[in-house]
Each structure stands twice: as C-alpha cells, then as structure tokens.
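Q: Hi! I'm just getting started with reading protein structures. Could you walk me through this one?

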Amino acid sequence: MTHQPLLLRIVKEPMAVSLLSVLILAAFLVPMLNLMLPSDSAFHVPSYVVTLLGKYLTYALLALSVDLVWGYCGILSLGHGAFFALGGYAMGMYMMRQIGDRGVYGNAELPDFMVFLNWQELPWYWYGFDSFGFAMLMVVLVPGLLAFVFGWFAFRSRVTGVYLSIITQAMTYALLLAFFRNDMGFGGNNGLTDFKDILGFGLQTDGMRATLFFLSAMAVVTGYLVCRFIVDSRLGRVIVAIRDAESRTRFLGYRVEYYKLFVFTVSAVLAGIAGALYVPQVGIINPSEFSPANSIEIVIWVALGGRGSLTGPIIGALVVNYAKSYFTGALPEVWLFMLGGLFIFSTLFLPKGLVGTKAISDAFEEQRLRLAKFLRPYDYAEGGEGR
Amino acid sequence: MNKPHASNTILYLDGVSVSFDGFKALNDLSLYVEEGELRAIIGPNGAGKTTMMDVITGKTRPDKGDVIFNGGVDLTQLDEAAIANLGIGRKFQKPTVFENHTVFDNLELALKGHRRPQSSLFFRLSGEQQYRINEVLGIIALTDVHMMQAGSLSHGQKQWLEIGMLLMQDPDLLLVDEPVAGMTDAETEATAVLLKDIAKTRSVVVVEHDMVFVKSLDCRVNVLHEGSVLAEGSLDVVQQNEQVIEVYLGR
Ligand SMILES: Nc1ncnc2c1ncn2[C@@H]1O[C@H](COP(=O)(O)OP(=O)(O)OP(=O)(O)O)[C@@H](O)[C@H]1O
Ligand SMILES: [Mg+2]
C-alpha cells in the first residue's frame with residue numbers, strides 16, 4: 001500500500017520530519033557556529049561540545065541499529081555493543097597505522113604496544129590497515145561477517161527469545177575476554193589510543209572535530225533513511241510478521257531464518273559504522289566497549305525512546321546520554337540507579353517509549369492532519385478523513 | 001480400509017506414529033485424500049487431529065510412517081516453508097493473523113510467490129495482484145475493513161481473514177483446523193458454503209467438532225480416536241457405527 005516514494009512518505013510524518021530537519025540543520029549549523037564565530041561570541045559552540053554531541057549521535061545510530069532487529073523483527077540482541085566495538089577497532093587500527101614513527105618508540109613498522117611486547121613484525125591481520133579505503137571496508141565487513149556467521153547458526157537452529165539474547169551476551173563477553181589478551185594483537189587491556197590523524201588531518205583540530213560531527217549527524221540521517229526503506233518494504237512487513245507470529249510466517253512459506261539473517265547483518269553493519277565514527281571522537285577504543293552491560297544499555301535507550309518507531313531510538317539515545325553526561329557530572333553515585341529506574345519506569349508506564357506516549361503522539365497526529373489538509377485540501381472538503 | 005488409487009491421490013498418510021514423552025498422539029495412522037475432495041475429520045479432544053496437521057505441514061516429525069503429497073513428494077523430509085510452497089496451506093485452530101498489519105497487508109503477505117528476501121525489498125504490487133486481493137476481500141466479506149488492523153477484528157472475522165490468506169496462497173491442499181469455533185450460526189453456515197465452494201477447485205481437509213457444520217459440508221468423514229482412524233464414510237454412516245457411539249458417549 002506504500003507506493004509513494006520514500007521522501008514523500010516521510011514528509012507526511014511530522015515527528016520524522018522534525019527530527020530529520022533538526023539533525024540536518026545541526027549537521028551544518030553546529031560546525032559553522034564552532035568554526036566561524038569568535039570564541040567569545042554568545043553563539044559560539046565550544047569544540048568539546050561539538051565532540052560530545054558527535055558522540056551522542058553515534059550512539060543514536062547504534063540505537064537505530066538495535067531497533068531494526070528488536071523493534072521490528074523481535075530479535076532482542078544484547079550483543080550489539082560487539083559490532084559497534086569491532087567497527088571502532090577497525091577504525092582504530094587505521095589510525096594506529098597513521099601514527100607511523102611518531103609513537104613513543106619512533107618505530108615506523110610497529111605500533112607502540114607491539115614494540116613494548118617485543119614483537120618483531122606486524123601480525124598478518126594488521127596488513128592493509130595503512131589504507132583508509134581498506135579500513136573503511138573492514139568497518140563494514142567485520143561486523144557484518146560476524147553477524148552473518150553468528151546469525152546463520154543461531155537462526156537456522158531456531159534459537160529465539162531469551163536464549164538468543166543470552167547467546168548474544170555470550171558473544172560479546174567472549175570478545176571482551178579475547179580482546180583483553182595481549183597476544184591477540186589489539187593492544188590488550190589498554191586498547192588502541194594516542195591517535196594522531198585521519199588522512200593527514202589532525203584529530204585535535206577544530207576542523208576535524210567539526211567534520212566528524214557533520215559525518216555523524218549525516219550518518220544518523222542516512223541510517224534512518226536506510227531503515228525506513230527496509231521497514232516500509234514488503235520485507236519490512238515480513239519481519240514484523242515474524243516478530244508477531246513467527247510460525248505463522250513459516251507456514252505461509254517464508255524462510256524466516258533468511259529474513260532474520262538479512263536484518264541482523266544490516267543492523268550489525270550500521271552498528272559498526274557508528275563505532276567507527278565514535279572512536280576518533282573519543283580518541284580511544286579498548287575492550288571495555290565489549291562489556292555486556294554496554295549492550296544492555298543500548299536496549300534501554302531504545303526502550304525508553306520507543307522501539308518499533310525509527311524516531312524513538314534516536315531520541316532515546318540522545319536523551320539518555322545527555323542525562324548521563326549531566327548526572328555523572330553532578331551526582332555520579334546516583335546515575336546507575338537512575339538508569340535502572342528509567343528502564344523500569346519506561347517498561348511499566350511507557351511501553352511504547354517516549355514517542356509513543358499519548359500526549360506526544362496526539363500532538364504529532366494533530367500536526368499530521370493539519371499538514372495533510374494543507375497538502376490535499378480537496379480530500380477533506382466534504383469533512384471526514386478522505387481515505 | 002480402502003486402498004488409495006495411485007493416480008489421483010493428493011495426500012497419503014501411511015502408518016504414521018508420533019509420540020510425546022511416550023504418549024502416542026498418533027498411532028499407526030493411515031489416511032488418504034483425493035484430488036479435489038472435501039474431507040471432514042472429527043474426533044474427541046486429544047484424538048490427534050491437530051497433531052496430524054502438524055505432521056503434514058512439517059511442524060512435527062513423525063517417529064515412523066510416510067506422508068506423501070501429490071504422488072511422490074515425501075513431506076517428512078521437508079520444513080514448514082518448503083511444504084507451504086509446495087501448495088499446502090493451513091489454518092490454525094486458534095486463529096493466527098498478523099495483528100499489527102492491516103487486513104489488506106495480511107492478504108498481501110499471503111500472496112502466492114515472492115518469498116525471497118532479495119525480491120521482497122523492492123516488491124511492488126501489480127494491478128493484477130491488487131485485483132486478486134480485492135476479490136478475496138469480497139469473498140471473505142472484509143472489504144469495508146481492509147484498512148483496519150487485523151488485531152481489532154472480531155473472532156469470526158479473524159477466522160475468515162485466515163481463510164482469505166489461504167486463498168491468496170492458492171494451495172492445492174487446504175488444511176483447516178476448527179474454522180467455525182466461536183462463530184455465530186449465520187457465520188457458521190456461510191463458512192460451510194465458502195469451504196464447499198473452495199473445494200470445487202482444490203482439496204480441503206476440515207477438522208471440526210460442530211456436527212451441524214460437518215453435516216452441512218456433506219462429505220466423507222473420518223473419525224479419529226487415540227491417534228488412529230476409527231471409522232470412515234458419510235456422517236450418517238459413521239454416526240451409526242457402534243465404536244464411534246461408544247467413544248463419544250463413553251467420555
Ligand atoms: N507438543 C506436544 N507435547 C506433548 N503432548 C502433545 C503435544 N501436542 C499434542 N500433544 C498431545 O497429543 C494429543 C493429541 O493432541 P491434538 O492437539 O492433536 O488433539 P486434537 O484432536 O486436535 O484435540 P482438540 O479437538 O482438543 O483440538 C493430546 O493428548 C495432546 O495433549
Ligand atoms: Mg486440535
């Protein structure tokens with residue numbers, strides 16, 4: 001029934017239009033206010049704020065990726081932090097190679113941590129990461145491939161529900177332990193850090209920070225459009241059908257495992273891209289990104305924002321992480337309790353999340369009707385809904 | 001029991017047994033259905049009627065026995081999706097429709113073909129397919145509510161929507177489990193007419209407890225009891241059968 005072009009469909013939804021416009025506007029405005037205004041201007045956005053907001057945006061993309069599998073296909077992944085971290089490591093490896101002989105040991109062949117461990121040569125899996133193009137390919141390929149292989153076994157053996165959630169936790173935990181080991185060759189406990197530049201542009205420069213912010217905002221917009229295209233297609237209707245009545249879908253002749261595999265892999269790729277944008281902005285990637293608690297936190301952002309609506313998780317991630325920054329500064333002891341409290345509150349009182357609360361959805365529905373009347377007044381001339 | 005005529009048997013079960021933790025839900029069950037036949041299956045609760053459908057549609061693997069479709073395909077080797085795509089449609093005992101989709105989208109999802117993820121990403125409904133959906137909407141009397149969410153339909157409407165989804169699949173064999181449970185008398189009557197009409201072009205197996213409904217189907221009946229066929233024939237004949245009377249009264 002959705003034959004209109006994607007953009008036309010989105011334009012009719014005030015919530016999506018508002019969110020996307022704010023994101024696109026911010027993508028241009030924030031860097032401009034940072035770069036063009038003198039730092040004593042009231043409208044100047046300080047660089048640390050640019051980077052902080054950029055970090056939130058990568059979380060928003062991550063939340064979007066979890067919503068695609070959980071909100072639409074019913075796969076409660078508690079391991080998406082792993083895909084995020086893998087994308088981050090791929091980016092980190094590129095930036096490590098960019099350091100060249102500017103490290104503490106001045107070794108052009110090996111990253112500092114390998115010199116420290118007395119390694120003589122670069123492990124084979126670091127080959128190619130000198131190239132930006134290759135690294136970007138790995139950002140997409142590594143999380144995608146892991147998700148594909150993991151999903152292939154899990155979905156074909158029909159692991160669902162709680163059991164699937166548990167093995168996704170096990171997956172990220174296993175990776176956490178593996179990446180902690182020095183002999184894995186990813187910097188062990190300390191991870192990868194001391195990055196200098198990307199494509200020759202210094203990471204600490206305002207220009208680079210603004211660029212990363214811009215890319216993060218546009219990545220969220222693009223991620224939204226990709227997810228929207230998927231969920232509006234027939235494939236999207238099939239995955240919702242799987243979420244609501246999996247065995248019915250099988251008896252209609254759909255190979256449920258292939259559909260799950262598709263969304264799970266796409267979602268992991270989105271998470272990987274988010275991780276790759278995150279690492280240069282925070283300047284470090286270490287194994288703690290794989291910790292099971294991280295993956296659970298993503299689910300809380302999505303639940304709070306509203307799963308099964310693509311705007312919800314974006315808003316959820318931004319709101320929760322803003323609150324987190326604020327409260328961990330103001331009242332560090334209480335943040336974890338607040339997060340737990342928020343989760344319980346949202347499951348009990350906001351089953352559809354912030355965007356699904358009646359007050360908010362009513363307000364937007366009113367806007368939608370107004371907009372619809374404005375766009376097609378003749379449909380509404382006789383009164384009634386004009387369907 | 002009658003031996004099947006090899007040429008026009010669409011479904012053939014031979015010596016099928018299924019047990020759950022030692023309890024025999026199906027016990028050496030043998031049964032065949034002819035092409036284009038309407039068949040009713042009756043039997044007390046727990047007789048194994050639903051289990052039989054589970055075996056045919058690939059949900060449950062039998063411990064032993066053969067399940068042959070269309071002259072040679074061994075269904076026990078296939079999974080649910082493969083069996084559905086061979087042309088076997090199923091309506092569940094508890095009506096199962098996609099509650100968060102509209103009535104229209106429920107039918108669209110059941111539309112024959114287009115089962116691969118790659119093609120479904122770029123799928124567009126053709127005029128002909130749209131026409132077919134509208135036609136089925138008319139048959140199941142849901143045209144007026146086609147934009148409503150399936151979850152908000154009445155129980156009877158859900159039953160009909162599920163039958164409509166079967167029609168969209170265009171199967172050669174329909175397995176219909178308790179289609180009139182929870183329906184009013186008028187709806188029940190209409191369902192009998194609908195199923196008889198469907199059976200003009202394909203084979204239909206109906207499981208039902210409602211004897212008035214089974215009578216109105218006016219077809220061959222199998223009585224299932226403790227996992228095997230107790231009697232077969234017209235409803236009048238099986239109702240005279242002493243064993244059958246004992247099973248129904250002796251409960
Ligand atoms: N998955 C299962 N595990 C254990 N026992 C089962 C399972 N499925 C069915 N049974 C048992 O097998 C027997 C046959 O069940 P079945 O559902 O086939 O009966 P039925 O003839 O459809 O009954 P009804 O008329 O109540 O629908 C019942 O005793 C039931 O409890
Ligand atoms: Mg039953």
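Q: How do strands E3 and E8 of chain B pair, parallel or antiparallel?
A: In this predicted model, strand E3 (residues 38–42) and strand E8 (residues 203–207) of chain B pair in the parallel sense, over four bridges.

Q: And which residue in E8(B) is the bridge partner of B:Arg39?
A: That partner is B:Val205.

Q: Cool. What order do the strands of the open sheet come in?
A: There are six of them in chain B, in the order E6-E7-E8-E3-E9-E10, and the pairing is mixed.

Q: Why is one side of E6 and of E10 left without a neighbour in the sheet?
A: Strand E6 (88–91) and strand E10 (228–234) of chain B stand at the edges, so each has a single partner strand. As for twist, neighbouring strands of this sheet are turned by 20° against each other on average, ignoring direction.

Q: Which helices pack on the sheet?
A: One is helix H1 (residues 49–56) of chain B, which touches E3, E6, strand E7 (173–177), E8 and strand E9 (220–225) of chain B. The direction of H1 makes about 150° with that of E7(B). Another is helix H6 (residues 155–169) of chain B, touching E6 and E7 of chain B. The direction of H6 makes about 175° with that of E6(B).

Q: New topic: where is B:Thr60?
A: Look in the loop between H1 and strand E4 (64–69) of chain B.

Q: Is B:Thr60 buried or exposed?
A: B:Thr60 has a relative accessible area of 14%, and the cut-off for buried is under 20%, so B:Thr60 counts as buried.

Q: What does B:Thr60 touch?
A: Leaving out residues up to four places away in sequence, B:Thr60 touches B:Val18, B:Asp54 and B:Val55.

Technical notes
Residues are numbered from 1 along each chain as its sequence is written. Chains are lettered from A and ligands numbered from 1 in the order in which they are written. This is a predicted model: local features need pLDDT of at least 70, side-chain atom pairs count only at pLDDT 80 or more; totals for chains, interfaces and linings use all residues. Side-chain values use heavy atoms; hydrogens and water are left out. Two strands pair if DSSP finds at least two bridges between them. Helices (H or I, at least four residues) and strands (E, at least two) are DSSP runs, numbered from the N terminus. Axes are lines fitted to C-alpha atoms, for helices over the stretch in contact, and angles run from 0 to 180 degrees between N-to-C directions. Contact means heavy atoms within 4.5 Å. Buried means under 20% relative accessible area, exposed over 50%, partly exposed in between (1.4 Å probe, protein chains only).
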